[in-house]
Amino acid sequence: MSETILRTDGLTRRFGSLVAVNDVDLEIYEGEIRGLIGPNGAGKTTVFNMLSGMLDPSSGEIWFHDEEITDMPPHQITSRGMALAFQITSIFPELTVTENVLGAINGQKRFLNPLERYSDDEAGHERVMELLERVGLMEHAEETAENLSHGDQKVLEMALALASDPDMLLLDEPAAGLSASETRTVVNLLEELHGEVTIMLIEHDMDLVMELVDSLTVLHHGEIISEGKPSEIKTDEQVQEVYFGREY
Amino acid sequence: MTRNIETPLGTLTPTNGAWIALAAIAVIYPFTVDNFLLFLGASVLALGLYGASFDLIYGYTGLLSFGHAAFYGVGAYAATFAIQDYGQGVLTAMLVGFLVTAVIAIGLGLIAIRVSSHGFVIVTILIVLIANLAAVSLTSITGGTDGMSVIIPELALPMLGEFSMLNPMFRYFFVLAVVGVSLMAMNRLVNSPIGLVFRMIRDNEQRARMLGYNVTVYKLIAFSVSGAFAGVAGVLSMYVTGFVSASHFALIVSGDAVIYTLVGGRATLIGAILGAVLIEGASNFVSGITDVYPLIIGAILLFTVIFEPEGVVGMSHRVRDWLQDRGVLPGGDEPESPTDPDADPGATEVTTDE
Amino acid sequence: MALGSDLAVAILNGVTWGLIVALIALGLNQIYGLLEIVNMAHGSLYMLGAVIGWFMIDATGSFGAALLVAPLAVGVIGMTVERTILRPIEDDLTITLIATFGLLLIFDHLALMTFGPGTRSVSAPVGGTVSFAGISYSKYRLVVGVVSIVLMVCLYLFLFRTRYGTWMRGVRQDRETASALGIPTSKVFVFTFGLGSFLAALAGVLLAPIVSVGHLMGLDILAVAFMVVIVGGLGSLRGVLVASLIYALVENVSSLFMTPIEARILTFALMIAFVLVRPDGIFRGASA
């Protein structure tokens, strides 16, 4: 049984009288790929925003690596080993792919030298090449990020997230807006990372989720209604009902 | 994608090629022209530095500072007081100008940066408007819009003798040297890891923050360095003309920095120099322009932002790419289309994306 | 008591000046709130109102004609500018700001070319003074104060009680949803810019008898308008009104003890100190 890497206790978020997330207890195990699914408005994005530190919970606690991160802002959470990738791709458009990744790597450094050229940073570039090789973007290394295809930009965003050598990746709809082959690229990458990095993803695309994850948590109206392996969830009647008769 | 040209002395990239060309022109120029043009050349170089300082904060860091005229003016006046009231020499006065402006830039930066991103611009506008108000009304100190002339001491260079700013040749080369050193310093900064952070902040501040950077500190660094060099440019202008006035603080002077950078091409440093050359050159040689100068500047600004936001450098890149693709210049993309007469029918590029 | 009556006059001046500054700054704020445009040409629009107003009075002798024609003309100019120049670039906020700076240069210089350098005065349509509480106060200034209040009430009613006003507030809150709900967002943008221009120009005409009309009027008022918008909190309507009143009162009362320029510098210094302590303004500006 793996260690718990991320845990929430009674996580709740209200917006006025609307309870978007209600008393959610999550337990994510090290090395797993967990999917957070549910119909529109189920509260998935709100959970993501709270886990990443962009939104404070109304009540409840979040624990990461046995440290409470409930009210921490995002940059503190990311410095503790959690990396984020957003639904709307968030990269540095006018920088090259290499510069994007190098910038991400440098974020971990305490001190940046104003006298050296960043293009002379051999150690940094070695690490950049490692990462680009890993995610399959080597051939685009010198291209400007905004000129990449949508799918490659998503992959670049993952490279940025991986640059900090995180223990856990939190992804919000990583396949959003991607074509079938682009989605394939992302899925392959995630499968490769499986076991090495704990991954939690919010996703709409049921096919993608089913084949990729170790286990699923299903959210509806802000509450967990079911948890388990994909095969179990597939046949869960309550889940089927919630997705309005979609057959799996 | 463009390739670089290999020469025996090293790689010639488009960027350092442009720098080298400009440096060559700048050095040869003074030997080919008369005193008036020497004077103009020195002025334009100083204004180019002013523009480049703005490029640092706007082109590289993405912060639109409309208050740069304030730093320009402060630099000029700080050096003036150092000379007139404290009897300092040319180099010391310039250092004073640099440092005083840097300190003020840090102070003002602390206010401006903490307001929201749109608020930042507004605060910088307020800075220059208030500075202008103060400078224009405190006539006894600043000389108001009529200004005051400054007697600049001679500079003693070891083994070479004493030189006066009234000597057009010396003045030109002095300005060229200072501008050159300043540009090199700024270039160093933008090519350093810190410069990379500047551009990250410009492109996606939120993401930069998430990657662990203290964005406020980096903005402050950019703003202070940028302001300090605007101050140096102010000092140089004063040396060239022998004159300071409150009109250094006018809003349109802030606008000049913007226009040099936009017209020349932002995020290049050298674009601002080009822009200054073009704009100031044009306004001096096209007659009748001085009367309607603001009108022309306004029209150029509108034209540039709507049609050509990357300025002359951007246009030149497009021209260069066009020439390279047609084989006129070395470098350039592999021909892709099978109907291209230059293409090898067996070597069509295979793209791995859809 | 001489000081007492001077003080009373200063306070009245502060209130009336504050109200009209609020009118100008409200337009600037609306343009910022809805279109996210920092309109550097706003002062120039105010100046154009005064200048066109002056030409109207010169031609017809009627202040009423000026009051009618100038704001409408400038409103139309504003709408045209938004539709033609600003629309294609409205996504890039810094570029738009630079464009409005270009407009500032063009408008101010055109005014210089047509109106000439220097300033001219306009006589107030309502002359004389009113005596009360031991002081004599300019009737016209009181009228201006009252008119400003009326206009602001109308603006409030428009924004909160009419359909179009609700549309404007909807677009301001959430552009995409508003568009999805069928609100004609581009028309709203054009109208908002026109409305802001109209209000600025109207203030220009109203103030013409009090300040002198000249092509540099715009720059003078620009600093004030930006200052009160920042201090009030970018995007906050209440903030603009409160900040305008505070600004005008501080400046006018200080002028009792120092020259007007010194008073202005002092007031600005105080307001900047405030912004240092509270960067989001009095009412915590709505934007990022």
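**Exercise 1. A glycine in chain C**

Which helix of chain C is C:G239 found in? Decide also whether C:G239 is buried or exposed, and list what C:G239 touches.

Solution. The model is predicted.

Step 1. Locate the residue: C:G239 lies in helix α10 of chain C, which covers residues 237–254.

Step 2. Count the neighbours. C:G239 has 25 C-beta neighbours inside 10 Å. A residue is buried if 20 or more other C-beta atoms lie within 10 Å of its own, so C:G239 counts as buried.

Step 3. List the contacts, leaving out residues up to four places away in sequence. C:G239 touches C:G232, C:G233, C:G281, C:I282 and C:F283.

Step 4. Take a pair that is distant in sequence. C:V9 is 230 residues from C:G239 along the chain, and the C-alpha atoms of the two are separated by 25 Å.

**Exercise 2. The helix α9(C)**

Compare the span of α9(C) with the expected value, and state how many of its residues are buried.

Solution.

Step 1. The helix α9(C) has 16 residues. At 1.5 Å a residue, applied to one less than the number of residues, the span should be 22 Å.

Step 2. The end C-alpha atoms of α9(C) are 23 Å apart in the model, which agrees with the expected span.

Step 3. Of the 16 residues, 14 are buried, so α9(C) is largely enclosed by the rest of the structure.

Step 4. Look at the residue that follows. C:G233, just after α9(C), takes a positive phi of about 110 degrees. C:G233 is also among the residues that C:G239 touches.

**Exercise 3. The fold of chain C**

Describe the order of elements in chain C, the pairing of its strands and its overall dimensions.

Solution.

Step 1. Chain C has 11 helices and 2 strands. Read from the N terminus, the order is α-α-α-α-β-β-α-α-α-α-α-α-α.

Step 2. Test for compactness. The globule rule gives 19 Å for 288 residues, and the radius of gyration of chain C is 19 Å, so chain C is as compact as a globular protein of that length.

Step 3. Along the principal axes, the C-alpha atoms of chain C fill a box of roughly 65 × 50 × 35 Å. Of its 288 residues, 52% count as buried.

Step 4. Consider the range of contacts. Among those in chain C between residues at least 6 apart in sequence, 76% join residues at least 24 apart.

Step 5. Turn to the strands. β1 (residues 129–132) and β2 (residues 135–138) of chain C pair in the antiparallel sense, over 4 bridges. C:T129 stands opposite C:S138 in β2(C). The two strands form a hairpin with 2 residues between them, and C:A133 in the turn has a positive phi of about 45 degrees.

**Exercise 4. Chain A**

Apply the treatment of compactness to chain A.

Solution.

Step 1. Chain A has 9 helices and 11 strands.

Step 2. The radius of gyration of chain A is 19 Å, close to the 18 Å that the globule rule gives for 248 residues, so chain A is as compact as a globular protein of that length.

Step 3. The box filled by the C-alpha atoms of chain A is roughly 60 × 40 × 40 Å along the principal axes. Of the 248 residues, 43% count as buried.

Step 4. For contacts in chain A with a separation of 6 or more, residues 24 or more positions apart account for 64%.

**Exercise 5. How the chains meet**

Which chains have the most contacts between them, and which elements supply the side of chain C that touches chain B?

Solution.

Step 1. There are 2 pairs of chains that touch, and the most contacts are between chains B and C. Chain A and chain C do not touch, and their nearest C-alpha atoms are 14 Å apart.

Step 2. Chain C puts 35 residues in contact with 33 residues of chain B. On the chain C side, α4 (93–115), α9 (217–232) and α11 (260–277) each supply at least two residues. The largest share, 13 residues, comes from α4(C). By class, this side has 28 nonpolar, 5 polar and 2 charged residues.

Step 3. For the other pair, 22 residues of chain B are in contact with 30 residues of chain A. Two or more residues come from each of α7 (168–191) and α8 (193–210) of chain B, and α8(B) gives the largest share, 12 residues. By class, the side of chain B that touches chain A has 10 nonpolar, 5 polar and 7 charged residues.

Step 4. Check the confidence. Chain B has a mean pLDDT of 85, with 88% of its residues at 70 or more. Residues 336–354 of chain B have pLDDT below 50, and this stretch has 15 contacts in the model beyond near neighbours in sequence. Where pLDDT is low, the predicted coordinates should not be read in detail.

Definitions and conventions
Residues numbered from 1 in each chain as written. Chains lettered and ligands numbered in written order. Predicted model: local features only at pLDDT ≥ 70, side-chain atom pairs only at ≥ 80, totals over all residues. Contact = placed C-beta atoms within 7 Å. Nonpolar A, V, L, I, M, F, W, Y, C, P; charged D, E, K, R; others polar. pLDDT = per-residue confidence, 0-100. Buried ≥ 20, exposed ≤ 12 C-beta atoms within 10 Å, placed from the backbone. Rg over C-alpha atoms; globule rule 2.2 N^0.38 Å. Pairing = 2+ DSSP bridges.
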